[in-house]
Number of protein chains: 2
Amino acid sequence: MARIKDVAREAGVAASTVSLVMNKKGYVSEATRAKVEAAMKKLNYVPSEVARNLSLNRTNTIGVIMPSLSHPFFGEVVEALEAALYEQNYKMMLCCTQHKENSERTFVEMLRRRTMDGIIMGAHSLDVALYDDLKQPIVAFDRYLNDNIPIVHCDHHQGGQLAAQILLSQGCRQVVEIVGYQGVSTPANEYHWVAADRLRRHGVQVEMLEMPWNAFSYRDFMASARELFQKYPEADGILGADLSVSACLNVAAEMGRRVPEDLKLLAYDGTAATRMGLQPITAIRQPIEELAQLAVKKIINLVNEEQDDSPWVLPPSLLAGKTC
Amino acid sequence: MARIKDVAREAGVAASTVSLVMNKKGYVSEATRAKVEAAMKKLNYVPSEVARNLSLNRTNTIGVIMPSLSHPFFGEVVEALEAALYEQNYKMMLCCTQHKENSERTFVEMLRRRTMDGIIMGAHSLDVALYDDLKQPIVAFDRYLNDNIPIVHCDHHQGGQLAAQILLSQGCRQVVEIVGYQGVSTPANEYHWVAADRLRRHGVQVEMLEMPWNAFSYRDFMASARELFQKYPEADGILGADLSVSACLNVAAEMGRRVPEDLKLLAYDGTAATRMGLQPITAIRQPIEELAQLAVKKIINLVNEEQDDSPWVLPPSLLAGKTC
DNA sequence: GTGAAAGCGCTAACAA
DNA sequence: TTGTTAGCGCTTTCAC
């Protein structure tokens, strides 16, 4: 495999000149440029990225930590992150923590080893202390890690307001909110509190149904949905994450409940999962692509130590459907 | 940031000794080991992976190319690949080609630049010539690239036999198979030909319904399902990829067709998408996790130039459901 | 415009 | 056991 030296020798110039040509830097005469390019072609030269990285102290790689990929929300997020990174000439290194003991720690360790220029952290950390004395750039994706790590996120307060407003305008009187396991707190939970508060102010009865710990399979969502209908048969409105609500839609059909006539279903997130059925689910949509682009922009600015006073928050929107 | 030299000076030894300690290689006396470890701790030393990579000419990184992540099949595959790589102390660099012009070329270029030790290629290549004179290790994931690139895949021949057998045993007389766009060929298509052949031998009428080019949204699947019921109202059996069949199940409900009484639905792949409804879809399941583990084992063996005569093919299995 | 030389931070052969 | 030395392959400063 040809190295820069070989190219230099072949072209009859110094290695540094080859470097200049490759990187289109400084001034190089047309004649030498041509010679160098010919030599590169002849030797089928491909520069070593690793050597370059060592020299520049930069890898152009960003690490992404997410719980899983099989959950549609994270799948869509990671896909969007990869696209945004590619756009900026960055590579993505991926770590999924959900089923892997210690993987988060290992991954952060790689960051310290300068394998990556920075990370975008979107998993619920099992060990927040990991991030405490970390010098490298981090951007959190809808997660609170500590006071020094900035968060890119959707405006969940507004999301909650919007949700309440919709359910109110649909005339709901008893709403059940399906919330994740409350042992871990995530910023996204806020929409639940905001919506509940606003609904209650308007005289709506609000109940919270908590999912068990580590329940992420559709089977679990179905179980919770059944529990919901059993515990709150009078409910006329349901608010929860996409898959929770999708399960409710299925169970409602099973029980002969008419949606949206007698029961309003409102999903939060608005991934493709809300589109996968005869009856698209009305949803508060997190702007996944835009959030991903923002996170990428932020992490790259952090890596480059560039000033960036633009906001870290993006508004949700309403995704039309037939369940509200 | 402390370097190996600093640690060496602090511990009063040579850099090479520090290296030996870090990598647990060769013989180092307990006393010096302790001194070195103390120095590392004191200086908060973290070795540079990049320098190590340059020295070893190895990155312990494998690139993965897939069309997308939002499609459940690929999401599950990539998640499993990442887990298997992690298990072997490898990192995963990801590239999604679906919506990105030229990204495949760029990614392969990174392989040539030795950013990664090898790649697992699971996207349908837009430019097979890219792989022709590539020296680096590649394993294809259910894709044919060229005669030199080995393929990890599910036994689709057996999958087709199994599918036919099930539909026959259910007494189907007119089966429609929903096939992907035929302008690009993928190994997975084989199950369609095999199943069709076997069904026809048994006197079953078989029709092929082709999806349009680049149709991957659920909306597209619904459209094809509607087309199917309109074109072949007499069909009593349907075979196709998970999402195609899921759409058929929805449309069947809409049209009042009884499944499985009057219409048998059989999905191929068996991702979580077949579980997301009241009526789980009977499926021929590709062993995604095992395939991922196999692909990882194969690529690592290739990287290490280790002999490996184990098979590249894994059998499908039957995933029980309520549509057949 | 171009080349010589030092440096990025680590590993490994060989000598001591 | 441990240290010396020479790489790994590129970038960059600074003479010329």
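**View 1. Strands β10 and β12 of chain B run antiparallel in this predicted model.** Three bridges join β10 (residues 283–285) to β12(B). Look for Ala283(B), which stands opposite Leu319(B) in β12(B). Strands of a sheet pair through backbone hydrogen bonds, either parallel or antiparallel.

**View 2. Stepping back, we meet the open sheet of chain B, built from six strands.** Their order is β7-β6-β8-β9-β10-β12, and the pairing is mixed. The edges belong to β7 (205–210) and β12 (317–319) of chain B; each has a single partner strand, so one side of each is left without a neighbour in the sheet. From one strand to the next, the twist averages 25 degrees.

**View 3. Helix α7 of chain B lies across strands of chain B.** Residues 156–169 form this helix, and the strands it lies across are β6 (174–179), β8 (237–241), β9 (264–269), β10 and β12. Helix α7(B) runs at about 170 degrees to β9(B).

**View 4. Over in chain A, helices α1 and α2 cross at roughly 100 degrees.** Their axes come within 8 Å, and the crossing angle makes α1(A) roughly perpendicular to α2(A). From α1(A), Ile4(A), Lys5(A), Val7(A), Ala8(A) and Ala11(A) meet Ala15(A), Thr17(A), Val18(A) and Ser19(A) of α2(A). This contact has six nonpolar, two polar and one charged residues.

**View 5. Here is the surface near DNA strand D, with 28 residues around the strand.** Those that come nearest are Ile4(A), Ser16(A), Ser19(A), Ala51(A) and Val13(B). Helix α4(A) gives the largest share of this surface, five residues. By class, the surface has 14 nonpolar, twelve polar and two charged residues.

Note on methods:
Residues numbered from 1 in each chain as written. Chains lettered and ligands numbered in written order. Predicted model: local features only at pLDDT ≥ 70, side-chain atom pairs only at ≥ 80, totals over all residues. Near = placed C-beta within 6 Å. Helix = DSSP H or I, 4+ residues; strand = E, 2+ residues; numbered from the N terminus. Nonpolar A, V, L, I, M, F, W, Y, C, P; charged D, E, K, R; others polar. Axes fitted to C-alpha atoms, helices over the stretch in contact; angles between N-to-C directions. Parallel < 35°, antiparallel > 145°, perpendicular 65-115°, else oblique. Contact = placed C-beta atoms within 7 Å. Pairing = 2+ DSSP bridges.
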